[in-house]
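Please look at the sequence and the structure below before reading on. The report that follows moves from the chain as a whole to a few chosen places in it.

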Amino acid sequence: MKKILLFIFFFYYTISNAQISFEKGYFISNEGKRTECYIKNLDWNDNPINFKYKMELNDSEPATETIATTQEFGIDNESTYKRFNIKIDRSNDDVEKITSNRNPEWKEETIFLKILVAGDATLYSYTNSNTNKYFYSTQTIPTEQLIYVKFIQADQNEGAERISENNEYKQQLFRNVKSSGTTQKEILNLKYKKNDLTAYFSKYNNITSGSDKEIDKKTTKSQFFIKITPGVSMVSTSLKNFAASEFNVELDKKMIFKIGAEAEYILPYNKNKWSIFINPMYQKYEDEKNYNTSSGSITNQQTSYNVKINHSVLQLPIGARHYMFLNQNSKIFIDVAYSLDIASKTDIVYTNKTENSTLNFDGNLGKNLAFGLGYNFKNKFSAEMRFNTKNELINYISHSAKYSSIDFIFGYTVF
């Protein structure tokens, strides 16, 4: 198992370092000097506090700039971040953290804000963990936060509590970012969401100046795939009895077929390099072996045995996957999953052919870890080799049945 993990780690390290992740961009220093360079594009989900860059793509080691040394940086045609020393309210939508305070709790911080729309009115965003906040500025209003706070309010009529919202951002927009064609209903229906606010600011800039510049045009979107996943497994089973050595048997490796389906959700950040998946699969394993054991006496009498195993199972691997892009159509991936049996039937029968007696063991639901690496082409076809840790098929104090397998899984995306 250690060799498998070492191989996967080496494979991941080699491929990930070979990827082209530096893209054309720039940064502006505290002194106002603009430097053209290549920035490592991590498609940040949370607003960054530093970034890596190279002056030339073939430079061996990247350099690092931080929020303390940079007032602005950007990746061409994709994203721009600008530094502000600004008041921010970090209240979030987590129900367990909502308080009864309807007012923002201001704290002055130095942060990078991402420019979503630039123009007569500029829209910014800030994301960190469960905090999603939006800021704005106009030609007369310096950059400030659009105020939105969820809070707990006592319901006097029912004697209970409910969650209410401070939607002051609508008043801010009504006062400061409103064209002659903007209606009160339009602002009242405006949600504190990226898409809603981006559309509103773009429309406002287009009306007031005839053009707008939407900086965050290249966005990463979530994706969802359903696949069929037939495959084959190379299986071996080791049977051991700690009280009677005559029941210790190593069964030969055997190839079996399996069939399944996979649902995969590509996460909408970090350039779609991460996903979570669930991959239910059914397989049936049958094997038997004849063997002889010695009684250990002076006569060294041999006893003939036959062991049969029947194991059918519906497995449910649930895991995470990381993609490493080779080009626009091809990518390599590694994944890790926790696999549990949601339905299984296991029977192990020993037959003493000399005495014509039998010994039976039945099984239990098992679980194991799985580590995989594979290749994906155009999000349509995939092939994966998945290594499974040993699974205990039965639950007895003195008897063990360790089931080992390596899966070769082929995927075809249905939609």
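## The chain as a whole

The secondary structure of the protein chain consists of four helices and 24 strands. The model is predicted, and the predictor's confidence is therefore worth a look before any detail is read. Across the protein chain the mean pLDDT is 89, with 90% of the residues reaching 70 or more. Confidence is lowest in helix 1 (residues 2-18), where the mean is 53, and highest in strand 10, where it is 98. Where pLDDT is low, the predicted coordinates should not be read in detail.

Of the 415 residues in the protein chain, 45% are buried. If one takes the contacts between residues at least 6 apart in sequence, 60% of them join residues at least 24 apart. The protein chain exposes about 22,700 Å², and carbon and sulfur atoms supply 52% of this area.

## A sheet of strands

Within the chain, 10 strands form an open sheet with antiparallel pairing, and their order is 4-3-2-1-5-6-7-8-9-10. At the edges of this sheet stand strand 4 (63-66) and strand 10 (144-145), each of which pairs on one side only.

One pairing in the sheet can be followed in more detail: strand 5 (residues 70-75) and strand 6 (residues 79-89) run antiparallel and are joined by four bridges. As one example of a bridge partner, E72 is matched with K82 in strand 6.

## Two residues side by side

The table sets out two residues, each with its strand and its relative accessible area.

| Residue | Strand | Relative accessible area |
|---|---|---|
| S29 | strand 1 (residues 22-29) | 12%, buried |
| F377 | strand 22 (residues 367-377) | 30%, partly exposed |

Is S29 buried or exposed? S29 counts as buried because its relative accessible area is 12%, and buried means under 20%. Leaving aside residues up to four places away in sequence, S29 touches T69 and Q71.

F377, which lies in strand 22, has a relative accessible area of 30% and is therefore partly exposed. Which residues make the nonpolar surface patch of about 760 Å²? The patch is made by I228, L326, Y375, F377, F381, Y412, V414 and F415, so that F377 takes its place there together with residues such as Y375 and F381.

Notes:
Residues are numbered from 1 along each chain as its sequence is written. This is a predicted model: local features need pLDDT of at least 70, side-chain atom pairs count only at pLDDT 80 or more; totals for chains, interfaces and linings use all residues. Side-chain values use heavy atoms; hydrogens and water are left out. Helices (H or I, at least four residues) and strands (E, at least two) are DSSP runs, numbered from the N terminus. Buried means under 20% relative accessible area, exposed over 50%, partly exposed in between (1.4 Å probe, protein chains only). Contact means heavy atoms within 4.5 Å. Accessible areas come from the Shrake-Rupley method with a 1.4 Å probe; for residues, only the protein chains shown count as cover. Patches are made of residues with over 30% relative accessible area and no salt bridge: like charges are joined within 9 Å, nonpolar side chains (Val, Leu, Ile, Met, Phe, Trp, Tyr) within 5 Å. A salt bridge is a side-chain nitrogen of Lys or Arg within 4 Å of a carboxyl oxygen of Asp or Glu. Two strands pair if DSSP finds at least two bridges between them. pLDDT is the predictor's confidence in each residue, from 0 to 100.
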